[in-house]
Amino acid sequence: MVPGVGPVLARRLLERFGGAEAVFEASDTSLQSVPGIGRARSASVRSAMRDAVDAAAREMDRAEAEGVRVTTIDQAAYPPLLAGLPDAPLVLWSRGDLASLCGAYTVAIVGTRSATAYGIEQAERFGAVLSQAGLWVVSGGARGIDSAAHRAATRIGRPTVAVMGCGLARCYPPENHGLFAEIVERGGVVLAEVPVDRPPAPDQFPARNRVISGLSLGTLVIEAPEGSGALITARLASEEHNREVMALPGRVDSPASSGANALIRRGEAALATSPADVLEQLEGPARHLFEGTHSARFAPDQVSLGVSVGDGDVARAEAMEPKPASPVGELTEAQRTVLEVCHQGPATLDEVCGRSGLAASAALSAITVLEMRRVIRRDGPRFEVRRGDGSR
């Protein structure tokens, strides 16, 4: 609630003073020692912090009236994939069960607002299949590709995450009011990093894009022209968040696909022509997330919040670790079919397809998710049920 103090500067303040209350009690002289504030800004920041106390109380009341939950980065419900970023929002406003996102495998699907019929078709195709495979689709709730991906997930009853560029008391775009309500009804989440009544503004959408990337194991770009905000998300995922980037190729003469095609041409995104390609690309990151090594392997260097580590802090840190669902708790029909084949004995992909009647792409999607959940394992070219796992 303090103008001019974003997440990076806020973390510096927490690092310097050890906690939020100590920041608000700091003198002008102490504030001057924090990089980014200095002598020129210390007085104005200190004055703004005095006003922010009342503003924060009003904001909490407003959020409660709107049915919006406020979650801070030190709480267990805060998504751990996002928490690891140096510029992660210190506060999230959300509708839906934000804590359920902590144990989820996620993929961002982003693209142009001015999507063609091809782009909408492919966003729905990838959104539905990846959701069916057990991934949570993350996108920006905008017109075009974003909405198509969200709708594909809700249509089959799967959760999805919409990251807004405005406060949750606003609806942007206005025609998506019903979609956002359905996302929450289906067990998904609509969230923002700005106060409840904040209107949409151009400078908030690039910041929103970093949250989309930060929540996701990887980002899939579908139909993005040069200069598209989706390309900002892809760049953040690759260069700042060390996450996977994939792109769906489009017509070479279509301006709507020029940006996505350029990502592939420059080697900045893996080629994805089917949902199985996405699952294959995310297999490694998902395995690290499952085993609790994602932060060390993929995330940028952590930024300490400057608090002492006692028993309570350890318990809180353990609570923030992702906790995947039971391996065989919610399998799709294809995943159960593949598991039944593997119970009969080790099988190659061709043998799985032959015994199950599944297409290769569907079988590979099911196999990848079962591997992520550590239900089956690879042994050379064959797949087999893990000992002690997969019992029904």
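**Exercise 1. The aromatic pair**

The structure holds 1 aromatic pair; determine which residues form the pair and how their rings are arranged.

*Solution.* The model is a predicted one, in which local features need pLDDT of at least 70 and side-chain atom pairs count only at pLDDT 80 or more, while totals for chains, interfaces and linings use all residues. Residues are numbered from 1 along each chain as its sequence is written, and side-chain values use heavy atoms, with hydrogens and water left out.

Step 1. Rings of Phe, Tyr and Trp (its six-membered ring) pair if their centres lie within 6.5 Å; planes under 30 degrees apart count as stacked, over 60 as edge-to-face and the rest as tilted.

Step 2. The ring centres of Tyr 172 and Phe 205 are 6.0 Å apart and the planes stand at 55 degrees, so this pair is tilted.

Step 3. The two residues are 33 residues apart, and the pair links distant parts of the chain: Tyr 172 belongs to the loop between β5 (160-163) and α8 (177-185), and Phe 205 to helix α9 (residues 204-214). Helices (H or I, at least four residues) and strands (E, at least two) are DSSP runs, numbered from the N terminus.

Step 4. Buried means under 20% relative accessible area, exposed over 50%, and partly exposed in between (1.4 Å probe, protein chains only). Tyr 172 has a relative accessible area of 31% and is therefore partly exposed, whereas Phe 205, at 15%, is buried.

Step 5. The peptide bond from Tyr 172 to Pro 173 is cis, with omega near 0 degrees. Pro 173 also lies in the loop between β5 and α8.

**Exercise 2. Strand β5 and its partner**

Establish which residues of β5 lie on each side of the strand, and in which sense β4 and β5 pair.

*Solution.* Step 1. In a regular strand the side chains alternate between the two faces of the sheet.

Step 2. On one side of β5 are Thr 160 and Ala 162, on the other Val 161 and Val 163; all are buried, and both faces are thus covered.

Step 3. Two strands pair if DSSP finds at least two bridges between them. Strand β4 (residues 136-139) and β5 are joined by 3 bridges in the parallel sense. Opposite Thr 160 in β5 stands Val 137.

**Exercise 3. Helix α4**

Check whether the span of helix α4 (residues 38-65) agrees with its number of residues, and locate its bend.

*Solution.* Step 1. The expected span of a helix is 1.5 Å times one less than its number of residues. For the 28 residues of α4 this gives 40 Å, and the end C-alpha atoms are 38 Å apart, which agrees.

Step 2. The bend at a residue is the angle between axes fitted to the seven residues ending there and the seven starting there. In α4 the bend is about 35 degrees, at Ala 52.

Step 3. Ala 52 is also one of the buried residues of α4, which include Ser 42, Val 45, Met 49 and Glu 59. An α-helix has 3.6 residues a turn, so residues three or four places apart point the same way.

Step 4. The buried residues of α4 pack against α2 (20-25), α3 (28-32), β1 (69-72) and β2 (91-95).

Step 5. After α4 comes Gly 67, with a positive phi near 70 degrees.

**Exercise 4. A sheet of three strands**

State the order of the strands in the sheet that contains β10, β11 and β12, and explain which of them stand at the edges.

*Solution.* Step 1. The 3 strands form an open sheet in the order β10-β12-β11, with antiparallel pairing.

Step 2. β10 (347-348) and β11 (376-379) each have a single partner strand and stand at the edges, so one side of each lacks a neighbour in the sheet.

Step 3. Helix α15 (residues 333-343) packs on the sheet, touching β10, β11 and β12 (contact means heavy atoms within 4.5 Å), and its direction makes about 90 degrees with that of β12. Such axes are lines fitted to C-alpha atoms, for helices over the stretch in contact, and angles run from 0 to 180 degrees between N-to-C directions.

Step 4. β10 and β12 (residues 382-385) run antiparallel and are joined by 2 bridges. Ala 347 has Phe 383 in β12 as its bridge partner.
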